[in-house]
Amino acid sequence: MMAATFKCQPTGLHGSGIDAAAPRSSGNFGRFYSMRFACNTRCNTLRHVHTPLSISHDSSTESSLILIRHGESLWNEKNLFTGCCDVPLTQRGVEEAIEAGKRISFIPVDMIFTSALIRAQMTAMLAMTQHLQKKIPIIIHNENEEATTWTRVYSEKTTKQSIPVITAWELNERMYGELQGLNKQETAERYGKEKVHEWRRSFDIPPPKGESLEMCSKRAVSYFKDFIEPQLKSGKHVMVAAHGNSLRSIMMYLDRLTSQEVTTLELSTGVPLLYIYKEGKYMSRGSPVGPTEAGVYAYTQSLAVYRQQLDEMSP
């Protein structure tokens with residue numbers, strides 16, 4: 001059982017390892033966590049509820065960061081600009097999400113962050129159906145006091161078998177403005193291929209009434225630094241299911257890419273990417289090739305500890 005100290009801040013993410021104010025999209029996150037963990041208020045210590053598949057963390061432990069672009073959506077299939085329009089996955093997208101889950105099935109996951117859009121949330125949920133931990137991802141609804149109260153889980157056993165899923169609009173795809181819903185080919189014919197390419201691939205030029213990649217990057221990277229990175233620093237293993245441009249933005253930060261380099265970065269739908277966080281640095285491991293342990297994630301401390309715990313549970 002691990003203990004993590006925290007400061008009593010009324011809007012902080014108590015229990016998540018973050019000593020910071022919650023974002024607007026996670027205003028009641030602290031109250032949610034206070035329901036799920038035993039808190040020793042006398043010594044200001046938060047004790048995680050023990051679970052057989054939990055990972056023991058300390059400052060020297062590596063943390064896993066999994067990035068997944070959502071599977072193919074219905075508008076991807078139709079070659080439409082999607083942006084922040086909320087459309088679900090195609091059957092192919094569902095299959096891509098399940099395959100992504102097989103690839104990461106041996107990589108420990110303690111927390112999941114997704115955008116506020118259904119295609120990213122579906123991808124995360126479907127991927128976790130393949131995971132070795134067999135834990136159930138539960139989306140945290142904290143829009144108001146009533147939502148927090150109504151979604152409270154009263155079973156300690158159920159809590160042990162769940163993984164919190166935090167949704168944040170900051171991880172949404174970039175907003176394509178007046179291009180949203182338009183066919184990409186028809187748009188190129190109307191405005192010219194060069195202009196549309198400029199809107200899609202430049203770093204700081206937005207489409208009409210939309211966001212540039214630079215604008216998307218500011219919100220996505222800021223959220224990552226404030227609320228995801230502290231989880232990794234505390235030793236937790238994190239999955240982020242999001243979108244092409246929000247993930248490109250995060251990878252620009254992780255890999256220290258230039259504005260020119262990030263515009264050429266292509267991310268396939270439903271293909272997970274793995275990073276290891278250790279001693280303040282991110283190391284890219286590329287895409288896991290699972291679903292075997294050796295194919296997924298070899299020669300790293302995190303998996304070695306995880307594998308040992310699983311072996312100890314075996315009869």
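# Worked exercises on a predicted protein model

Arg-256, just after helix H10, takes a positive phi of about 55°; helices (H or I, at least four residues) and strands (E, at least two) are DSSP runs, numbered from the N terminus. The model is predicted, so local features need pLDDT of at least 70 and side-chain atom pairs count only at pLDDT 80 or more, while totals for chains, interfaces and linings use all residues. Residues are numbered from 1 along each chain as its sequence is written, and side-chain values use heavy atoms, with hydrogens and water left out.

## Exercise 1: the overall picture

Task: describe the protein by its secondary structure, burial, contacts and surface.

Solution.

- Step 1. Start with the elements: the protein has 13 helices and 10 strands.
- Step 2. Turn to burial, where buried means under 20% relative accessible area, exposed over 50%, and partly exposed in between (1.4 Å probe, protein chains only). Of the 315 residues, 52% are buried.
- Step 3. Look at contacts, defined as heavy atoms within 4.5 Å. Taking contacts between residues at least 6 apart in sequence, 75% join residues at least 24 apart.
- Step 4. Finish with the surface, computed by the Shrake-Rupley method with a 1.4 Å probe; for residues, only the protein chains shown count as cover. The accessible surface comes to about 14,800 Å², and carbon and sulfur atoms hold 51% of that.

## Exercise 2: the annotated residues

Task: find which residues the UniProt annotation "active site" covers, and examine the surroundings of each.

Solution.

- Step 1. The annotation, from an unreviewed UniProt entry, covers His-70 and Glu-173. UniProt positions are given in the numbering used here, feature names are shortened, and annotations may be inferred rather than shown by experiment.
- Step 2. These residues are spread over 104 residues of sequence, yet they cluster in space, with a largest C-alpha distance of 10.4 Å.
- Step 3. Place His-70: the loop between strand S4 (63-69) and helix H2 (74-77) holds this residue. His-70 counts as buried because its relative accessibility is 2%.
- Step 4. List partners of His-70, leaving out residues up to four places away in sequence: among them are Asn-76, Arg-119, His-243 and Thr-269.
- Step 5. Do likewise for Glu-173, in the loop between strand S7 (162-167) and helix H7 (184-191). With 8% relative accessibility, Glu-173 counts as buried.
- Step 6. Beyond its neighbours within four places in sequence, Glu-173 has contacts including Arg-119, Glu-211, Arg-219 and His-243.

## Exercise 3: rings around Phe-224

Task: work out how Phe-224 pairs with Tyr-253 and Tyr-282, using centre distances and plane angles.

Solution.

- Step 1. Set the rule: rings of Phe, Tyr and Trp (its six-membered ring) pair if their centres lie within 6.5 Å; planes under 30 degrees apart count as stacked, over 60 as edge-to-face and the rest as tilted. By this rule the count is 8 aromatic pairs.
- Step 2. Apply it to Phe-224 and Tyr-253: with 5.9 Å centre to centre and 65° between the planes, the pair is edge-to-face.
- Step 3. Locate both rings: Phe-224 is in helix H9 (residues 213-233) and Tyr-253 in helix H10 (residues 244-254), 29 residues apart.
- Step 4. Compare accessibility: Phe-224 has 0% relative accessibility and counts as buried, whereas Tyr-253, at 27%, counts as partly exposed.
- Step 5. Now take Phe-224 and Tyr-282: their centres are 6.2 Å apart and their planes at 55°, so this pair is tilted. Tyr-282 lies in strand S10 (residues 281-286) and Phe-224 in helix H9, so the pair ties together parts 58 residues apart in sequence.
- Step 6. Widen the view: ring pairs link Phe-224, Tyr-253, Tyr-277 and Tyr-282 into a cluster.

## Exercise 4: helix H10

Task: decide why H10 is described as largely enclosed by the rest of the structure.

Solution.

- Step 1. Count the buried residues: H10 has 11 residues, and 10 of the 11 are buried, so the rest of the structure largely encloses this helix.
- Step 2. Name some: the buried residues of H10 include Gly-244, Asn-245, Arg-248 and Leu-254.
- Step 3. Link back to Exercise 2: Gly-244, Asn-245 and Ser-246 are among the residues in contact with Glu-173.

## Exercise 5: two residues of helix H3

Task: compare what Val-94 and Glu-96 touch.

Solution.

- Step 1. Val-94 is found in helix H3 (residues 91-103), and Glu-96 lies in helix H3.
- Step 2. Val-94 counts as buried at 18% relative accessibility, and Glu-96 counts as buried at 14%.
- Step 3. Apart from neighbours within four places in sequence, Val-94 contacts Leu-89, Met-122 and Leu-126. Val-94 and Met-122 are 28 residues apart in sequence and 7.9 Å apart in space, C-alpha to C-alpha.
- Step 4. With residues up to four places away not counted, Glu-96 touches Gly-71, Glu-72, Thr-269 and Gly-270.
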